[in-house]
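Dear colleague,

Please find below the structure that I am passing on to you. My notes on it follow.

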Amino acid sequence: NNISSISISYEESIKALEYKMIWGSRSIIAYEDLRIENKGYLYPTSTEIHIINCVKIGDVKKSLSLLDEVFRNNFMKRHLSIEIARCLFFDIMSTSLKIMNDVDINHDVIFEKDFDPMKKVLSCQTADEMHDVLKGIFTTICQYITQNNMAEA
């Protein structure tokens with residue numbers, strides 16, 4: 001409306017631009033459309049334990065189904081702040097690291113030489129891309145566990 005509102009418009013534009021991570025880089029995001037919930041994300045300990053147990057028995061289908069459910073609950077049914085969304089993905093990545101440590105899996109053995117799961121997640125541009133990368137990481141861990149359990153039998 002006037003020259004003094006330019007700085008406010010700029011701040012709102014920057015905030016809306018950050019949400020390309022959640023809604024995709026080709027989205028048009030209006031500041032008015034942002035309904036941000038700063039209450040935290042939904043990733044209860046019981047769900048994390050369920051994912052851990054499914055991965056430890058090599059159940060790829062159930063593991064990915066649980067990850068999809070976490071994603072749906074946080075991005076389809078809620079409106080997380082960008083900071084809270086990042087925390088959720090770090091928490092899920094932490095779950096994969098817990099599994100690998102608990103089962104004593106060497107990162108270099110199951111992932112390609114130049115593949116660093118944490119760097120890969122951090123380099124993602126959208127929440128969908130992060131979700132896909134995490135599903136790939138959990139799939140790789142499940143497959144490794146399944147193959148090693150078959151070799152031991």
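**Helix packing in the predicted model**

In this predicted model, Leu67, Val70, Phe71, Asn74 and Phe75 of helix α4 meet Ala85, Leu88, Phe89 and Ile92 of helix α5. By class, the residues of this contact comprise eight nonpolar, one polar and no charged. Helix α4 covers residues 60-76. Its axis lies 12 Å from that of α5, and the two helices pack at an angle of about 170°. Angles over 145 degrees count as roughly antiparallel, and α4 and α5 are therefore roughly antiparallel to each other.

Helix α5 also packs against a second helix, α3. Here α3 spans residues 45-56 and α5 spans residues 82-103. The angle between them is about 45°, and their axes are 10 Å apart. This angle makes α3 oblique to α5. The crossing of α3 with α5 is right-handed.

On the α3 side, the residues that take part are Glu48, Ile51, Ile52, Val55 and Lys56. They meet Thr95, Lys98, Ile99, Asp102 and Val103 in α5. The contact of α3 with α5 holds five nonpolar, one polar and four charged residues. Charged residues are thus present in the contact of α3 with α5, whereas the contact of α4 with α5 has none.

**A residue in helix α8**

Is Thr139 buried or exposed? Its relative accessibility is 17%. Since buried means under 20% relative accessible area, Thr139 counts as buried. This threonine lies in helix α8, which runs over residues 127-152. Apart from neighbours within four places in sequence, Thr139 is in contact with Val60 and Leu64. Helix α4, at residues 60-76, includes both of these positions.

**The chain as a whole**

The chain contains eight helices and zero strands. Read from the N terminus, the order of elements is α-α-α-α-α-α-α-α. There are 153 residues in the chain, of which 37% count as buried.

Among the contacts in the chain with a separation of 6 or more, 70% are between residues 24 or more positions apart. As for the surface, the chain exposes about 9500 Å². Carbon and sulfur atoms supply 52% of that area.

To summarise the packing around α5: α4 is roughly antiparallel to α5, while α3 is oblique to it.

With kind regards

Terms used. Residues are numbered from 1 along each chain as its sequence is written. This is a predicted model: local features need pLDDT of at least 70, side-chain atom pairs count only at pLDDT 80 or more; totals for chains, interfaces and linings use all residues. Side-chain values use heavy atoms; hydrogens and water are left out. Helices (H or I, at least four residues) and strands (E, at least two) are DSSP runs, numbered from the N terminus. Buried means under 20% relative accessible area, exposed over 50%, partly exposed in between (1.4 Å probe, protein chains only). Contact means heavy atoms within 4.5 Å. Accessible areas come from the Shrake-Rupley method with a 1.4 Å probe; for residues, only the protein chains shown count as cover. Axes are lines fitted to C-alpha atoms, for helices over the stretch in contact, and angles run from 0 to 180 degrees between N-to-C directions. Angles under 35 degrees count as roughly parallel, over 145 as roughly antiparallel, 65 to 115 as roughly perpendicular and the rest as oblique. A crossing is left-handed if the near helix is turned anticlockwise from the far one by less than a right angle, and right-handed if clockwise. Ala, Val, Leu, Ile, Met, Phe, Trp, Tyr, Cys and Pro count as nonpolar, Asp, Glu, Lys and Arg as charged, and the others, Gly among them, as polar.
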